[in-house]
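User: I would like to learn how to read helices, sheets and cores in a structure. Could you take me through one, feature by feature?

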Amino acid sequence: AGAGDAAPQATFLSPEQLATAGGESYTYQSDIARLMRVVVSHLYHDRDVFVRELLSNANDALEKVRLIALTDPSILEPAEQLNVTVLADKDSGRIVIRDSGIGMSKEQLAANLGTIARSGTSEFLENLEKGDGGNLIGQFGLGFYSSFLVADRVTVASKTADDVEQWVFESEANADGFKIVKDPRGPTLGRGTEITLYLKPDAADEYLDLPKLRSLIQKHAEYNAAPIYLWTSASLDPSVNAVPVVEAEDDEIKVEDEATAVEQPKWDLVNDRPPLWMRDSKDVTEEEYENFYMTTFDSPDAPLAWAHFKGDAGSTSFRALVYIPSALPNDFYSKDYISLNSLKLFVKRVFITSDLGPNYLERHMNWIKVFIDVDDLPLNVGRDSLQKTKALAQIKKNLQKRVYDLFAQIASQDPTKYAELYEKAGVALKVGVVEDAKNRDRIVKLLRFTTSAQENSTSLDEVVARRKQGQTQIYYIAGAGQKKESLEKSPFVERILARGYEVLYFTDPIDEMVINSVPTYGGLRFQDVAKDGVKFGDEDDDEKKEEEDLKSTFAPLVGYLKKELAEFVDKVTISTRLTTSPCLVTAGTYGYSGNMERLLAAQNQGSDNFMLNFARMQKKNFELNPKHPLIERLLEKVDEAGDDEDALAELKESVSVLWQTALLKSSYQVPDPNSYFSLVESMLRKSLGVSQTAQAEVDVKPAPPVETGPPPSEPPPPPSFDEDFLAKDEALRHEQEEAEEAFEKGSEHKWVDWSSVKEKIGEGIKDTVKAAVPDLDTDVPNAPVHEEL
Ligand SMILES: Nc1ncnc2c1ncn2[C@@H]1O[C@H](COP(=O)(O)OP(=O)(O)OP(=O)(O)O)[C@@H](O)[C@H]1O
């Protein structure tokens with residue numbers, strides 16, 4: 001619909017008309033008066049923003065009408081056309097912006113423009129007064145008040161569809177109040193709002209220049225859906241209205257005399273391009289996509305990637321844009337997409353809602369920005385039924401697929417960018433695997449893990465491709481919050497790495513949960529190397545025979561340990577996965593790994609942590625390294641002890657130390673640190689030749705008898721400190737802090753260093769166990785060669 005060709009001059013309101021119309025005076029709310037003063041006195045840079053603000057208000061007002069018209073077309077009757085017109089009048093120094101939007105009643109004029117300061121206004125003003133106004137103006141949006149950047153007097157005439165009267169709001173820049181009068185012209189607008197800016201002299205020079213005004217409108221109204229028309233003359237005086245037409249030189253037919261060859265001024269459509277999302281993606285530049293994202297979703301940063309597409313949803317079709325923001329908001333998990341402002345639903349180019357019910361965008365996707373324009377939706381139903389329409393469900397499915405495709409596309413085309421994205425947003429994908437069963441298979445492909453096989457993280461497809469012949473498991477070790485360097489040293493991965501198999505390091509707390517949701521990938525089963533059941537798949541008959549032999553050889557030791565540790569241990573096994581460690585402790589079928597236990601303990605400090613207590617109650621598995629000299633010697637000791645009570649007591653003590661130290665080394669806690677320390681002390685006594693019963697010589701000097709005299713009047717002087725002692729104490733504390741820090745950072749302190757423990761207590765059990773043989777690894781077979789795909 002065009003703006004019509006009627007010359008606009010006849011309908012404008014003159015200051016004289018207003019002056020005699022009477023009306024009521026109002027006082028601005030204090031924040032607004034303050035805002036106005038700031039606008040007038042401080043903010044003259046960026047004056048152009050008034051174009052954007054006023055056109056966006058006009059566009060919003062028009063969208064409201066279009067939205068209502070979808071269900072109640074009678075709203076259109078007072079003014080059929082939905083558009084904005086802009087007129088610059090040099091003679092009177094005015095710019096007039098009219099829209100046929102929703103309009104405002106008398107009360108609304110007063111409330112919207114005079115009494116309701118928006119939330120954030122005070123904060124904005126405070127920042128301004130502190131001096132960082134220049135940058136804020138763009139973010140804050142002065143709205144209607146930006147008029148006073150360029151005008152010293154503004155009138156707003158407005159009429160709603162069902163009001164018979166038309167009202168005019170009038171204010172001077174810097175005034176404390178405003179006036180509202182009944183429009184002396186009568187209801188000329190039909191429906192809508194007309195803003196007249198009486199420009200300041202310097203602003204008049206700048207903005208009454210038509211080409212400049214036109215380019216400003218183009219720049220700032222790019223995404224306005226409503227058509228904007230500009231009157232092509234800078235004067236309303238009919239004698240200067242016409243602009244000369246430059247005739248083409250080879251024009252053969254001269255219809256008129258050159259002197260009269262003038263073009264009549266007319267309304268010229270300025271924003272003649274369809275909105276960005278309606279265009280073909282090849283007709284939209286990167287910059288346009290970025291700007292659209294930043295304005296639509298109020299973001300100061302450009303997006304990382306986007307997809308723009310068309311699709312069908314049942315009987316209707318839609319266009320959509322999905323954007324991956326440059327960062328994942330920290331609080332994404334505790335918010336929904338509605339509070340993150342992540343969705344815009346349009347119907348036939350009219351904004352409808354940002355809220356399609358709590359689950360329209362899944363929690364892990366709630367930070368991805370989504371713009372949808374549907375060709376047809378039943379809008380005369382309530383919000384709840386709207387959410388349930390089949391079309392919206394289909395669109396949702398399509399959107400999800402597009403988002404995952406977009407991730408996959410970045411991963412394959414630009415791995416560096418993907419690594420950066422994953423670093424920030426990987427956790428959202430992991431949440432997706434855990435919570436979104438329907439899309440799980442798609443999302444798992446996008447995950448990346450820290451691996452022993454390469455510097456960079458790996459996809460699971462790559463892990464499967466690197467599998468060895470016969471391999472049926474993907475090996476992983478969980479160590480939330482720990483570094484790869486620390487996990488590499490764990491006894492659980494010793495033999496697996498020594499053999500050349502790949503191990504994934506689950507350094508993120510959520511990794512173990514991910515694997516609970518996805519027990520297998522590419523036909524391989526995830527295997528926690530800290531749990532029972534590690535298989536290499538290349539065990540040949542000789543190895544199996546050797547294992548069987550070892551099992552029967554060590555049966556007496558296994559039997560003894562089962563009895564001795566019955567309270568804590570479910571299974572005692574002869575292990576094939578250890579190389580240099582004598583033994584290790586793994587979780588039983590229902591128990592947690594040491595890592596999980598630590599996580600649970602960290603989550604809840606209280607003693608009634610049910611899950612933690614439950615996990616701790618679960619019996620564990622004790623794996624022995626049959627090639628280790630400590631274990632070999634223990635077997636001999638079990639055989640030799642027979643009924644000899646002393647020998648049995650000594651054996652019991654050694655086993656207890658071995659078991660508890662293995663607990664520590666496997667990331668569990670010992671049940672009672674005090675009794676553990678007593679055991680170690682007893683061994684130290686033996687190794688140092690100190691009697692088990694000798695006690696520390698304690699010489700306690702008793703306190704003098706009770707004082708009966710009066711309390712001393714002067715407090716005694718403070719004792720003098722031994723400077724040296726203080727310095728030592730400080731150094732010790734420092735050392736402790738460093739050690740704690742290192743522990744938190746997950747350095748090698750994390751794994752108890754078995755060799756140093758052995759060194760410390762080894763002397764003590766010298767008579768029980770032969771000295772350790774350092775090198776045990778000579779018979780570790782190499783992994784078979786890479787499986788050809
Ligand atoms: N052209 C218009 N037609 C109808 N109502 C309008 C028009 N311009 C402003 N209003 C009303 O006045 C209110 C205040 O406008 P203002 O521009 O100051 O802030 P806003 O538009 O709400 O916020 P922002 O500009 O930050 O988006 C608007 O919310 C709207 O209700």
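Analyst: We can start with one helix. The model is predicted. In helix α9 (residues 210-220), the buried residues are Leu210, Leu213, Leu216, Ile217 and His220.

User: How are the buried residues of α9 arranged around the axis of the helix?

Analyst: The general idea comes from the helical repeat. An α-helix has 3.6 residues a turn, so residues three or four places apart point the same way. In this case, the buried residues of α9 fall within an arc of 125 degrees when seen down the axis, so they line one face of the helix.

User: Which residues are exposed on the other side of α9?

Analyst: Pro211 and Lys219 are exposed there. The cut-off for calling a residue exposed is over 50% relative accessible area, and buried means under 20%.

User: What covers the buried residues of α9?

Analyst: The cover includes the helices α3 (49-71) and α8 (201-207), together with the strands β2 (84-89), β3 (94-99) and β8 (228-231). α9 lies across β2, β3, β8 and β11, and runs at about 175 degrees to β8. Another helix, α3, lies across β2, β3, β7 (192-199) and β8, at about 25 degrees to β3.

User: Those strands keep coming up. What is the order of the strands in the open sheet?

Analyst: When reading a sheet, list the strands by position across the sheet, then look at the edges and the pairing. Here nine strands form an open sheet in the order β1-β6-β5-β4-β7-β3-β2-β8-β11, and the pairing is mixed. β1 (24-27) and β11 (267-269) are the edge strands, each pairing on one side only. On average, neighbouring strands are turned by 20 degrees against each other, direction ignored.

User: How many bridges join β8 to β11?

Analyst: Three bridges join them, and the two strands run antiparallel. One residue pair shows how to follow this in the model: Leu230 has Asp268 in β11 as its bridge partner.

User: Now a strand inside the order. Which strands are joined to β7 by bridges, and how many bridges are there?

Analyst: β3 is joined to β7 by six bridges, and the two run antiparallel. Val96 stands opposite Thr196 in β7. Strand β4 (residues 151-159) is joined to β7 by eight bridges, again antiparallel. Ser158 has Thr193 in β7 as its bridge partner.

User: Why is β7 described as largely enclosed?

Analyst: Check burial residue by residue, then face by face. Eight of the eight residues of β7 are buried, so the strand is largely enclosed by the rest of the structure. On one side these are Gly192, Glu194, Thr196 and Tyr198, and on the other Thr193, Ile195, Leu197 and Leu199; both faces are covered.

User: Moving to cores: which residues touch the most other members of the largest nonpolar core?

Analyst: A core can be read by its best-connected members, then by the elements that supply them. The largest nonpolar core has 65 residues, and Ile324, Ile372 and Phe407 touch the most other members. Helix α13 (residues 390-413) gives the most to this core, with 10 residues. A second, separate core has 61 residues, including Val51, Leu62, Trp167 and Leu197.

User: What does Phe407 touch, leaving out residues up to four places away in sequence?

Analyst: Phe407 touches Ile324, Trp367, Ile368, Tyr418, Leu421, Leu429 and Leu446. Phe407 is also one of the α13 residues that meet helix α14.

User: How do α13 and α14 cross?

Analyst: For a helix pair, read the distance, the angle, the handedness and then the residues in contact. The axes of α13 and α14 (residues 415-435) come within 8 Å and cross at roughly 145 degrees. The crossing is left-handed. From α13, Phe407, Ile410, Ala411, Ser412 and Gln413 meet Pro415, Lys417, Tyr418, Leu421 and Leu429 in α14.

User: And for the whole protein, how many helices and strands are there?

Analyst: There are 28 helices and 24 strands. Of the 789 residues, 46% are buried. Sequence separation is read from the contacts: among those between residues at least 6 apart in sequence, 74% join residues at least 24 apart.

Technical notes
Residues numbered from 1 in each chain as written. Predicted model: local features only at pLDDT ≥ 70, side-chain atom pairs only at ≥ 80, totals over all residues. Heavy atoms only, no water. Core = buried A, V, L, I, M, F, W, Y, C linked by side-chain atoms within 4.5 Å. Buried < 20%, exposed > 50% of the residue type's maximum accessible area, 1.4 Å probe, protein only. Helix = DSSP H or I, 4+ residues; strand = E, 2+ residues; numbered from the N terminus. Contact = heavy atoms within 4.5 Å. Arc of directions from axis to C-beta. Pairing = 2+ DSSP bridges. Axes fitted to C-alpha atoms, helices over the stretch in contact; angles between N-to-C directions. Left-handed = near helix turned anticlockwise from the far one by under 90°.
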